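Work through the following exercises with the sequence and the 3D structure in view. Attempt each task before reading its solution.

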Amino acid sequence: MYVIIALLLLGILITVHEAGHFMAARLTGIQVSEFAIGMGPKLLSWKSKKHDTRFSLRAIPVGGFCAFYGEDDIGGKHTADSRAYNNQPVWKRILTVAMGPVMNFVLAFVVTVMFYWIGGVSEITGVDPFIHEVTAAGPAYTAGLQDGDIVESINGVNMLDGTTDTLLNTIAGYREGDAPLRMVVRRGDTTFETEMTPFWDEAEGKYRVGVTIGGRYRTVTRPCGLGEAISESWSTCVYAGGMIIGALKDLVTTGEGLDQTSGPVGVVSMVSEQVAAGGFEAFLNYLVVISINLGIMNLLPIPGLDGSRLIFLIIEAIRRKPVAPQKEAIVHLIGMLFLFAVMIFFTFKDVMNLFR
């Protein structure tokens with residue numbers, strides 16, 4: 001069920017993106033030959049007699065397209081046809097190409113506004129520490145601690161005071177000759193006591209017990225009006241966009257994050273797991289983040305994507321003369337082959353991860 005929900009999320013994002021191209025084309029009078037959701041063989045197909053546009057739903061639920069009449073006319077078949085896409089004013093073509101990514105940004109913003117306006121704005125009031133990871137053969141492992149455990153107190157001192165500092169400082173503050181740390185630990189609905197003696201870590205220069213500490217935010221939700229919801233949503237979307245751009249920069253310059261990059265299979269797997277754990281709020285969160293991601297990625301000047309087509313259109317607007325269709329088509333073809341190769345690579349990687 002959650003896999004279907006994840007596919008639904010991707011379907012919404014793709015539909016909104018392609019609808020951006022479609023609506024801009026209709027507004028500017030550009031004829032759309034086919035509006036398709038998904039790739040590969042057609043599952044459903046019907047044709048609008050009024051606008052001569054074919055609508056189709058295809059078998060592979062990844063991707064989609066909005067094909068314009070006379071687009072990519074390499075052979076010059078539609079050169080004298082005033083209805084052809086390439087014979088439309090350049091500003092109309094720029095608008096139709098740009099509106100796909102723009103609609104992804106609009107979707108993210110509108111969803112966030114509605115979420116804050118209806119559900120309220122969450123404010124962080126503190127952090128609850130927990131055991132993120134237990135190192136094998138360390139004191140914590142020997143004492144029976146497991147990933148996800150919550151240390152409630154050490155030597156009678158409360159560790160859940162809204163920070164991670166108290167827990168970290170208490171462990172690091174151990175001194176040679178002190179009594180072992182007596183811990184009250186909560187695991188799910190049960191609580192138990194254990195004790196351990198920290199060891200001196202020369203590399204870190206402090207006492208440790210062999211755990212990595214994580215933190216879960218404490219939040220309170222308060223109602224807000226439409227104006228505040230718009231303001232908060234703008235800040236949220238700008239922050240998410242900045243994080244995505246920063247991650248892309250690190251990926252290109254240093255390769256950081258390549259091991260965490262996923263293709264469609266990995267995205268569906270991740271979203272389905274998170275929605276199963278976090279419910280509707282997790283679904284909306286991923287809808288917003290992936291929608292912004294999709295908008296940014298499509299604006300990159302990579303051949304085959306909207307960003308590359310915008311570059312060619314801007315060059316045409318400056319030169320007042322289009323780039324030769326054959327040359328542009330070759331650039332886009334190379335880009336599409338590259339993108340397909342990347343997708344195949346990450347799909348294979350994601351499938352192997354699923355088996356692991």
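The exercises below treat helix packing, a surface patch and salt bridges in a predicted model.

**Exercise 1. Helix packing**

Task: Classify the packing of helix 2 against helix 5, and of helix 2 against helix 6.

Solution:
- Step 1. Begin with helix 2 and helix 5, whose axes are 8 Å apart and which pack at an angle of about 135°.
- Step 2. Angles over 145 degrees count as roughly antiparallel, and those from 65 to 115 as roughly perpendicular. The angle of about 135° fits neither class, and helix 2 and helix 5 are therefore oblique to each other.
- Step 3. Add the handedness: helix 2 passes helix 5 in a right-handed crossing.
- Step 4. Turn to helix 6, which covers residues 264-299. The axes of helix 2 and helix 6 cross at roughly 155° and come within 8 Å.
- Step 5. With this angle, helix 2 is roughly antiparallel to helix 6. The crossing of helix 2 and helix 6 is left-handed.

**Exercise 2. A nonpolar surface patch**

Task: Determine which residues make the nonpolar surface patch and which helix gives the most to the patch.

Solution:
- Step 1. List the members: Val102, Val106, Val110, Met114, Trp117, Ile118, Leu226 and Ile230 make a nonpolar surface patch of about 680 Å².
- Step 2. Assign them to elements: helix 2 (90-119) and helix 5 (226-253) are the elements that give two or more residues to the patch.
- Step 3. Compare the contributions: helix 2 gives the most, with 6 residues.
- Step 4. Examine one member, Val102, which lies in helix 2. Val102 counts as partly exposed because its relative accessibility is 33%.

**Exercise 3. A salt bridge between helices**

Task: Describe the salt bridge of Glu316 and Arg93, and decide whether Glu316 and Arg93 are buried or exposed.

Solution:
- Step 1. Identify the contact: the side chains of Glu316 and Arg93 meet in a salt bridge at 2.6 Å, N to O.
- Step 2. Locate the partners: Glu316 is in helix 7 (residues 306-319) and Arg93 is in helix 2. The two residues are 223 residues apart, and the pair links distant parts of the chain.
- Step 3. Recall that buried means under 20% relative accessible area.
- Step 4. Apply the cut-off. Glu316 counts as buried because its relative accessibility is 12%. Arg93 also counts as buried, because its relative accessibility is 5%.

**Exercise 4. Further salt bridges**

Task: State how many salt bridges the structure holds, and examine the pairs Glu123 with Arg222 and Arg208 with Asp201.

Solution:
- Step 1. Give the total: the structure holds 9 salt bridges.
- Step 2. Take the pair Glu123 and Arg222, whose side chains meet in a salt bridge at 2.6 Å, N to O. Glu123 belongs to strand 3 (residues 121-134) and Arg222 to strand 10 (residues 211-222), and this pair, 99 residues apart, links distant parts of the chain.
- Step 3. Judge the exposure. Glu123 is partly exposed at 34% relative accessibility, and Arg222 is partly exposed with a relative accessible area of 28%.
- Step 4. Take the pair Arg208 and Asp201, which form a salt bridge at 2.9 Å, N to O. Arg208 counts as partly exposed at 22% relative accessibility, whereas Asp201 counts as buried at 13%.
- Step 5. Look for shared partners: Glu123, Arg222 and Glu228 are joined into one network by salt bridges that share partners.

How values were computed: Residues numbered from 1 in each chain as written. Predicted model: local features only at pLDDT ≥ 70, side-chain atom pairs only at ≥ 80, totals over all residues. Heavy atoms only, no water. Patch = residues over 30% accessible without salt bridge, like charges linked within 9 Å, V, L, I, M, F, W, Y side chains within 5 Å. Areas by Shrake-Rupley, 256 points an atom, 1.4 Å probe, with all protein chains shown as cover. Salt bridge = Lys/Arg side-chain N within 4 Å of Asp/Glu carboxyl O. Helix = DSSP H or I, 4+ residues; strand = E, 2+ residues; numbered from the N terminus. Buried < 20%, exposed > 50% of the residue type's maximum accessible area, 1.4 Å probe, protein only. Axes fitted to C-alpha atoms, helices over the stretch in contact; angles between N-to-C directions. Parallel < 35°, antiparallel > 145°, perpendicular 65-115°, else oblique. Left-handed = near helix turned anticlockwise from the far one by under 90°.
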